[in-house]
Amino acid sequence: MLIRKPTDIRPSEITSEENYLNRRAFMKAGLIAGSGLVAPSAMSAVVPETQGADLTDVSKSPFSTDEEPNSYEDITTYNNFYEFGTGKADPYRNAEDFRTRPWTITVDGEAEKTGTFDFDDFIKPFDLEERIYRLRCVEAWSMVVPWVGISLADVIKYLQPTSKARYVAFETLNDPAQMPGVRRRILDWPYREGLTIEEATNELPILAVGLYGKVIPNQNGAPIRLVVPWKYGFKSIKSIVRIRFTERQPQTSWNLSAPHEYGFYANVNPDVSHPRWSQARERRIGAGLFADKLPTQMFNGYGEQVAHLYKDLDLRRNY
Amino acid sequence: MTKTQKIRWIAKPLVFVTGLLPAIWIAALTVLQPSALGANPVEALLDHFGIWAMWFMLIALAVTPVRKLLGWPSLARFRRMIGLFAFFYVLMHFLTWLVLDQGLALGPILEDIAKRPFITIGIVAFVLLLAMAATSFTRLRQRMGRAWQTLHNSVYLVGVLGVWHYWWQVRADFAEPLLYAVILTALLGYRVADQLRKPARRVARA
């Protein structure tokens, strides 16, 4: 089988941004033509191996924002993925040859369905959905990203956590041979993140496998990464190889590295500033050299869906 | 052409043009090919000017040790220009932050200076450099007497604050600020060793 590098993909094969942005008009026209005959989901997720290959049977989501997504180039060249280097363009440069097949995900801990799953089998029972979400980095910049993924809540339900499962922990692959960043102990590898079971079964989080209707590029966390839109970006762990259900709060990488700077919750919160970045405003990537910063919204604007999760929690202390 | 003339008419203009190159380069990119600055051009400009400010600061602090170690007294005549280039790049770094990053929003600017320690020390270093640049003229230097030397000795403090400013805003990968810290330590260490040697020499003569 011929595995093409991203540089081999001709520009003509990539949906132009303009066409992409017109897709709604196109979909609407299709819906009218089919006069409502479009069947509800019940598709099984299939994700080709090749980066940039088209994803099919992707449904739209009411949770998507109407804001204009960032360009494909911005989203794929400006990344924090320290396994591939600490510079923003390092992952784009260093992740090109990253192997995303064969890929396994180990599920263990407090759940009925545990074991090691092949990636393709793991995602098969679920539906692919496009979710256009705001992404807010703790470094006070933000983007709008058209992810394609599967609902994390659906995955969690499928794995049948036991009554003891209060948290879900995630781990990134730790492969020094392929990931130049992990050869130095910048963080305590492997990268780890976690959510409470209530957060993980909320309707918003997804496990993303695609971007702009195509297979997710390596530098964005291929083949499968978490997206939790109301939390700072570092919670949305990339290239996941392990999912563990635990009774006690799992350790998380940035919290281990600098506990006074990064908490377990890491909800986007304009009122709790970081020692190095005011969180009151954010720079929208792609807005240009002279654009004003935008005011940061509580829970990154997703309060309607998630504020109830924290009604008994002091968010100043549990940052 | 005498040596003095060579320095004035050839060497100094060469150093001047070389010092401007990083600014000309980034200005040309910004105007002609903005996409080369990446997805976050404001951050790219901030980093560019900050890094070059750091290098000119270190080169300025290297003039005296290199002059003494190699026995090139004329190097001293380039020190002011290099120091002013350090100030120029710090000024550009500061203006990028003030205008492009903060959008001249006074409230957030004051809050950042007061609450973000790495910004606080950056501002202190900037103000000291500003005072040094403003008093860098020969006539002012003569008129200020001993006060001039006292003020300009703060260049050592500025060097420390500059490296610290960078160190403090790095999230986890300290390789680059560590490089600057090592160079700065060597340059300041040389001066300490030099001072310690002098009294010993005097004793020996006596």
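**Exercise 1. Describe how α2(B) and α8(B) pack in this predicted model, giving angle, axis distance, handedness and the residues involved.**

Solution. Begin with the geometry: in this predicted model, α2(B) and α8(B) pack at an angle of about 150°, and their axes are 11 Å apart. Next, take the sense of the crossing, which is left-handed as α2(B) passes α8(B). Then list the participants: α2(B) contributes B:Met54, B:Met57 and B:Leu61, while α8(B) contributes B:Val155, B:Val158, B:Gly159, B:Gly162 and B:Tyr166. Finally, sort these residues by class, which gives 6 nonpolar, 2 polar and no charged residues for the contact of α2(B) with α8(B).

**Exercise 2. Determine how α5(B) and α8(B) are oriented relative to each other, and characterise their contact.**

Solution. The first step is again the axes: those of helix α5 (residues 117-134) and helix α8 (residues 155-169) of chain B come within 9 Å and cross at roughly 150°. The second step applies the cut-off, for angles over 145 degrees count as roughly antiparallel, and α5(B) and α8(B) are therefore roughly antiparallel to each other. Their crossing is left-handed. The third step turns to the residues in contact, where α5(B) supplies B:Pro117, B:Phe118, B:Ile121, B:Gly122, B:Val124, B:Ala125, B:Leu128, B:Leu129 and B:Met132, and these meet a set in α8(B) that includes B:Leu157, B:Leu161, B:Trp164, B:His165 and B:Trp168. By class, this contact of α5(B) with α8(B) comprises 14 nonpolar and 4 polar residues, with no charged ones.

**Exercise 3. Follow α2(B) along its length, and then examine how it packs against α3(B).**

Solution. Start with the extent of the helix: α2 of chain B covers residues 41-70, that is 30 residues, and reaches 41 Å from its first C-alpha to its last, close to the 44 Å expected at 1.5 Å a residue. Moving along the helix, one finds a bend of about 35° at B:Ala62, with a proline, B:Pro65, following within four residues. After the helix comes B:Gly71, whose phi is positive, near 65°. Now consider the partner, helix α3 (residues 79-101) of chain B, whose axis comes within 8 Å of that of α2(B) and crosses it at roughly 160°. That angle makes α2(B) roughly antiparallel to α3(B), and the crossing is left-handed. The contact of α2(B) with α3(B) holds 19 nonpolar, 4 polar and 2 charged residues. As a last step, place these helices in their chain, which has 9 helices and 0 strands and whose C-alpha trace spans about 65 × 45 × 35 Å along its principal axes.

**Exercise 4. Work out what chain A brings to its contact with chain B.**

Solution. Count the residues on each side: the contact takes 22 from chain A and 16 from chain B. On the side of chain A that touches chain B, the elements giving two or more residues are α3 (72-77) and β12 (281-284) of chain A. By class, that side of chain A has 9 nonpolar, 6 polar and 7 charged residues.

**Exercise 5. Locate the backbone features in chain A that depart from the general pattern of phi angles and peptide bonds.**

Solution. The general pattern is that most residues other than glycine have a negative phi, and that most peptide bonds are trans. Against this, the peptide bond from A:Arg101 to A:Pro102 is cis, with omega near -10°, and A:Pro102 lies in the loop between α4 (90-94) and β2 (104-109) of chain A. The bond from A:Trp189 to A:Pro190 is also cis, with omega near -5°, and A:Pro190 sits in the loop between β6 (167-172) and β7 (192-196) of chain A. Turning to phi, A:Phe299 has a positive value of about 50° although it is not a glycine, and A:Phe299 occurs in the loop between β13 (294-295) and α9 (303-306) of chain A.

Methods: Residues numbered from 1 in each chain as written. Chains lettered and ligands numbered in written order. Predicted model: local features only at pLDDT ≥ 70, side-chain atom pairs only at ≥ 80, totals over all residues. Expected span 1.5 Å × (residues − 1). Bend = angle between axes of the 7 residues up to and from the residue. Contact = placed C-beta atoms within 7 Å. Nonpolar A, V, L, I, M, F, W, Y, C, P; charged D, E, K, R; others polar. Axes fitted to C-alpha atoms, helices over the stretch in contact; angles between N-to-C directions. Parallel < 35°, antiparallel > 145°, perpendicular 65-115°, else oblique. Left-handed = near helix turned anticlockwise from the far one by under 90°.
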